[in-house]
Structures are given as structure tokens and as C-alpha cells.
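Please look through the sequence and the model displayed below before reading on. The paragraphs after it are meant to be read with the structure in view.

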Amino acid sequence: MEYADSGFINVFSLQSNNMPAPFGLKEVREAYMRISGCVHRTPVLKSQNLDSLAGRQLYFKAENLQKTGSFKARGACNAVLLEKEKRPNSPGVVTHSSGNHGQAVAYAARCAGLPCSVVVPKGTPQVKCDAIRDYGAELVFCEASPASRNETCAEISSKTGRAVIHPFDNFDVMAGQGTIALELLEEVPDLDAVLVPISGGGMTSGIAVATKGMQPNCKVYPVEPYGKLLQRCLQSKQRMWPNPPQFIDTIADAIRTQQMVVEAASGAAIYAAVKSIEEVDAAPEKVGVILCGGNVDLDHLPWFSRKTSY
Ligand SMILES: Cc1ncc(COP(=O)(O)O)c(C=O)c1O
């Protein structure tokens, strides 16, 4: 496994374990049809300046312009619309997320006409809480640890029967995120590589499955913030982060768990495209870069702090 560590981001290669994937290009194509009325087909942008800085052609998939401000709308819409298809009398959905996934599930539930609860940690910025409420979801506050989020979510689900829509550990969510690659490769079929900011891995899984189904020679490289140990865990096949998991200290908050403008998470992929991809891939000429989101929390920019939270 190749690995480039720049001091604040890591970019690494994925290796197949030759196991059949639990979903494939077929499910990604079905997801595309299912969600097309609810999400944007986002543009693929070019920048001559960045091309010349990088010495290669870069193709930016602008998911910062996606509904709800991030790619998360794709996976959430696929999973929530499928829940409605499978259980027409579904009592609704529940999830935990203080960020993009919470807004995306609230939006998806509104599209599907289903009730929705979103569990957020106390101290979540007001702007994020307002966005979730504005989509019509109920907010439920929990403690700030990942364990408290999971427990509160599970409790609501067992009391109400609402389906849990996990941010990444859900094949329908992954298939929905895979539609990013479907659109990107339809527009630029001869890409050599795609750079994907990773946290839980839902977006990377979907993009890897769709890419390998459409263009087996195109490589998919996850990009993680410095301090996250995913590449080393995959290499050693061992969990290397504490149990229960904790958050790492990075401005790329969307991809900080162990477990914008463009967001800092998108910036990580741009940096990898311009600076560090050569350390894992000798000469990719055409590289897709996923600009995963645009939801910048102005209250928490390191150079501008104006805190308001619930
Ligand atoms: C903007 C943004 N980029 C990247 C990611 C990482 O996605 P995943 O958890 O599917 O790896 C997230 C996840 O929250 C996100 O919000």
C-alpha cells in the first residue's frame, strides 16, 4: 500500500480484497434514477491555474453546489426514498450528525414525506441546528461523545420504529454517494485517478464501486487529515483508534472522526491533487477531485471566531 504524508493530509491507495462487494454498479445506477428528482447533477469545473500548479489536468466535481451544500444529499436521499419504497407506512427515519449528514437526512425526509429526528451533540452551532429544523426535522440533543450519539439514536429508533440512516455504514447510503462517480466518469471517461476526502468511508466505498464498474483502470485514492489512522489500520487490519472513538484535532471537521466556499475537507483533496499525489501514483494525467461540501461554519473558522450555539 502506497502512502504519502504531507504533515497535514495523507493520501493513500486502496487494495481490493477480492471479496464480492455487497452492492455494485447496478445499485448505483438505480440510486441515480431514484434520487435524480431530489438532487442536482453537479458541474465538473476546471481551473487553468490549478492545472499548471499541479502539472496535470484536474476535474473538480462541485458537490459544494449540491442540495444541502454537500454530497451527503445523494446517499441520504437514496436511503430515505428506499425506506419509503420498502415500507410505505414507515414511521420515519432517525440519524445522528451535527453536520452535513444531519441536514441531508432532514432534507431527504422532507422529499420523501417522512417524519425525521436528528440527534446532535449539545453545543452544535446554531446555524447547523437551524438548517436541520428548517427542513422540518425534530432536533434531539445528546452528549458530545460518539457513543452518546449512537445510543440516543438507537433509543429513538426502538421507541418510534424509525429507521436509522447511518452516515456511512449503510449500503444504500454508499450506493447514493457512488452516483458522484457515475456523473463524473460520464463527463470525463478517461480519468486516471479520483481523489476522495474520507472519514467513515461511505463516499469512498460508493465512488470505488462505481469507478471500478465503469473504468477499472481508474484509481481511487482516499485523502485523510493528519492524525487519522485509517491507512495504517487498513494496512495492519487492526483497529488503531481508542474505543470509544474520539474526534481528532483538525480544521477539516467533516472528515475528522476515527470512526466552504469549499469545506476544508475539499481543500484536503485539492492539496493532494496539486502536491502529494505523485508520492503514491507516478504520473496520473487526468485526476478527478471531489469538492465534497461547501458548508463553512463562519463561527468556527480558525481566524474568525464568533461563537453561538445551543
Ligand atoms: C464535506 C464532507 N466531506 C467528506 C466527508 C467524508 O465522508 P465519509 O464519511 O462518507 O467518508 C464528510 C462526512 O461527513 C463530509 O461531510
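The text below moves from the whole chain to its core, then to individual strands, a helix and a loop residue.

The model is predicted, so local features are described where pLDDT is at least 70 and side-chain atom pairs count only at pLDDT 80 or more, while totals for chains, interfaces and linings use all residues. Residue numbers start from 1 along each chain as its sequence is written.

The chain contains 10 helices and 13 strands. Helices (H or I, at least four residues) and strands (E, at least two) are DSSP runs, numbered from the N terminus. Of the 310 residues of the chain, 47% count as buried. A residue is buried if 20 or more other C-beta atoms lie within 10 Å of its own, exposed if 12 or fewer, and partly exposed in between, with C-beta atoms placed from the backbone.

In soluble globular proteins, nonpolar side chains tend to be buried together. Here the largest nonpolar core has 79 residues, and those with the most contacts inside it are Ala-76, Val-80, Val-105, Leu-195 and Val-289. Helix H7 (residues 171–187) gives the most to this core, with 8 residues. The core lies between domain 1 (3–70 + 170–300) and domain 2 (72–164), because both give residues to it. A nonpolar core is a set of buried Ala, Val, Leu, Ile, Met, Phe, Trp, Tyr and Cys residues joined through C-beta atoms within 7 Å, and the domain bounds come from an automatic or database domain assignment.

Leu-195 leads to strand E9 (residues 193–197), where 5 of 5 residues are buried. Ala-193, Leu-195 and Pro-197 lie on one side of E9, and Val-194 and Val-196 on the other. E9 runs parallel to strand E10 (residues 219–225), joined to it by 5 bridges; strands pair if DSSP finds at least two bridges between them. Val-194 has Val-220 of E10 as its bridge partner. From E9 the chain passes through helix H8 (residues 202–214) to E10 in a right-handed β-α-β crossover, that is, with the strands pointing away from the viewer, the path from the first strand over the helix to the second runs clockwise. E9 also pairs in the parallel sense with strand E11 (residues 286–291), over 3 bridges, and there Leu-195 is partnered by Val-289. Beyond its neighbours within four places in sequence, Leu-195 is in contact (C-beta atoms, placed from the backbone, within 7 Å) with residues including Val-11, Tyr-221 and Ile-277.

In H8, 10 of the 13 residues are buried. What covers them includes H1, helix H3 (72–86), H7, E9 and E10.

Strand E5 (residues 93–96) is likewise a place to examine both faces: Val-93 and Thr-95 point one way, Val-94 and His-96 the other, and all are buried. E5 pairs in the parallel sense with strand E6 (residues 116–121) over 4 bridges, with Val-93 opposite Cys-116 as its bridge partner. Together with helix H4 (residues 100–112), E5 and E6 make a right-handed β-α-β unit. E5 also runs parallel to strand E8 (residues 163–164), with 2 bridges joining them, and Val-94 stands opposite Val-164.

Finally, Thr-42 lies in the loop between helix H1 (25–35) and strand E3 (44–45). Thr-42 counts as buried because it has 20 C-beta neighbours inside 10 Å. Its C-alpha is 6.3 Å from that of Gln-66, although the two residues are 24 apart in sequence.

Conventions:
Contact = placed C-beta atoms within 7 Å.
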